[in-house]
Amino acid sequence: MQDVISSHEDKMKKTVASLKDGFAALRTGRASASLFDKIRVDYYGEKSPLNQVANISVPEARLVVIQPWDKNLIGEIEKAIRSSELSLNPSNDGKVIRIAIPPLTGERRKELVKIAKNQAEQSRVAIRNIRRDGNDELKKMLKDSKLTEDDESKGAAELQKLTDSYIGHVNHVLEEKEKEIMEV
């Protein structure tokens, strides 16, 4: 029974971690190197993550500086950033790319909060599905006489407690992201 519960708890932890990664890519009006985590650059025929072909630094609150290790990549990096869904306008001086992060409009902030809420809801659904799978596994063990009815109901109660706890984590992470997006 403990194996079932701990394996499903690991899945719930991964769901929350995945949500945090997804939130890191949401632009909040503040400069952050993690904004560029999903950007891939054509590097000699291979799509490589931007952070593997360039140094990304944040010298000011609203400025990102990208310094490619290979100067020939400046055009490719600029093209990748322009075609991304970040809606940013990079400029380069031949050595580095500078990206000024514009402040978010009220409308864009509301849109980002809506996206964040949607991602959080998907995580909640995933956690509930993990609980359901765990309960199904416990019922199968009961049917195969590997568990008593008491153990099965204790396991189901423990899974429910874990589910409530991880949904609480999701809600907390969402609240933090909403505050970050809405602060001016």
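**Strand β6.** I looked up the faces of strand β6 (residues 97-100; strands are DSSP E runs of at least two residues, numbered from the N terminus): Ile97 and Ile99 lie on the covered face, Arg98 and Ala100 on the uncovered one. In a regular strand the side chains alternate between the two faces of the sheet. This is a predicted model, where local features need pLDDT of at least 70, side-chain atom pairs need 80 or more, and totals for chains, interfaces and linings use all residues. Residues are numbered from 1 along each chain as its sequence is written, and side-chain values use heavy atoms, without hydrogens and water.

**Partners of β6.** I checked pairing, which requires at least two DSSP bridges between two strands. Strand β4 (residues 63-68) pairs with β6 in the antiparallel sense over four bridges, and Ile66 has Ile97 as its bridge partner. Strand β5 (residues 91-92) is also paired with β6 in the antiparallel sense, over two bridges; here Asn92 has Ile97 as its bridge partner. Four residues separate the strands in the hairpin of β5 and β6, where Gly94 has a positive phi near 95°.

**Nonpolar core.** I then turned to the largest nonpolar core (buried Ala, Val, Leu, Ile, Met, Phe, Trp, Tyr and Cys joined through side-chain atoms within 4.5 Å; buried is under 20% relative accessible area, 1.4 Å probe, protein chains only). Of its 25 residues, Met12, Phe23, Leu26, Ile127, Tyr166 and Val170 touch the most other members. What does Ile127 contact, leaving aside neighbours within four places in sequence? Ile127 is in contact with Met12, Thr15, Val16, Thr163, Tyr166, Ile167 and Val170 (contact is heavy atoms within 4.5 Å).

Methods
Buried means under 20% relative accessible area, exposed over 50%, partly exposed in between (1.4 Å probe, protein chains only).
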